[in-house]
Amino acid sequence: MSGNVRLLDETLAAAKSEGRAALIAYLPAGFPTVDGGIEAVKAALDGGADVVEVGLPHSDPVLDGPVIQTADDIALRGGVRIADVMRTVREAHAATGKPVLVMTYWNPIDRYGVERFTAELAEAGGAGCILPDLPVQESALWREHAEKHGLATVFVVAPSSRDERLAEITAAGSGFVYAASLMGVTGTRESVGAQAEDLVRRTRATTSLPVCVGIGVSTPAQAAEVARFADGVIVGSAFVKRMLDAPDDAAGVEAVRALACDLAGGVRRRA
């Protein structure tokens, strides 16, 4: 069965044709429970997110700040497994028809088996993977199987990436490019800053892939600011914090839906 990279491409192209950036939400699988996490992902999509990244909880999430680390710890203590991640992808995509990716560090895939992981993700209706710690020069095996199964391979670029490195990374990727707005871990920030706009400009000079900006975006105003120069706005910690701060799981799901609605308005407003 082929994955949904084409759906991802079409979704990002449709947003561009509407003169706006896409809204991409991130939520970890298994948080606060597997069932609760599935409802939260569906709520983000129903609320206005165009795409969702489902996080595969990891014990050493080097890119993630304290909010997502807390959620990952809750999911891991709850016994979340890769099968639960696949179930989250399957049910969220089936319920909404929207593209769902997995964001994961490389070690769990390596241990699980690349062929097995890509085949199961495609069967679940997944659109691809974001792989923040997989070096491009070591990615040939992954890319071979991802392409075979119709999955996007999204790499992360950072403000520290030199132009030659950007060209190397974007040439190997598909779907979109994840541009980290600043150096450091995920989390909300007062300002996304000029670094992000410069990184998008430099990345676009190397590729025709959409360039989507994440890390630090948490409010509709910030979403509008980033939407002015990026093809997509990625929001993670703000969604997770809404879940963590909610009095119960049902309230958390509704808070996610409301935030997605507000952010969807932000990407359409443009600062």
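**Exercise 1. Which residue in β3 stands opposite glycine 55, and how is β3 paired on each side?**

Step 1: Glycine 55 stands opposite methionine 103 in β3. This is a predicted model: local features need pLDDT of at least 70, side-chain atom pairs count only at pLDDT 80 or more, and totals for chains, interfaces and linings use all residues. Residues are numbered from 1 along each chain as its sequence is written, and side-chain values use heavy atoms, without hydrogens and water.

Step 2: Strand β2 (residues 51-55) runs parallel to β3, joined by four bridges. Strands here are DSSP runs (E, at least two residues), numbered from the N terminus, and two of them pair if DSSP finds at least two bridges between them.

Step 3: Three bridges, again parallel, link β3 with strand β4 (residues 128-130); here valine 102 has cysteine 129 as its partner.

**Exercise 2. Are the faces of strand β3 (residues 100-103) covered or uncovered?**

Step 1: Recall that side chains in a regular strand alternate between the two faces of the sheet.

Step 2: Val100 and Val102 lie on one side, Leu101 and Met103 on the other. All four are buried (under 20% relative accessible area; exposed is over 50%, partly exposed in between; 1.4 Å probe, protein chains only). Both faces are therefore covered.

**Exercise 3. Why does cysteine 212 form no disulfide?**

Step 1: Searching the whole structure gives zero disulfides, meaning pairs of cysteine sulfur atoms within 2.5 Å.

Step 2: The closest cysteine sulfur to that of cysteine 212 belongs to cysteine 129, 16 Å away, so a bond is ruled out by distance.
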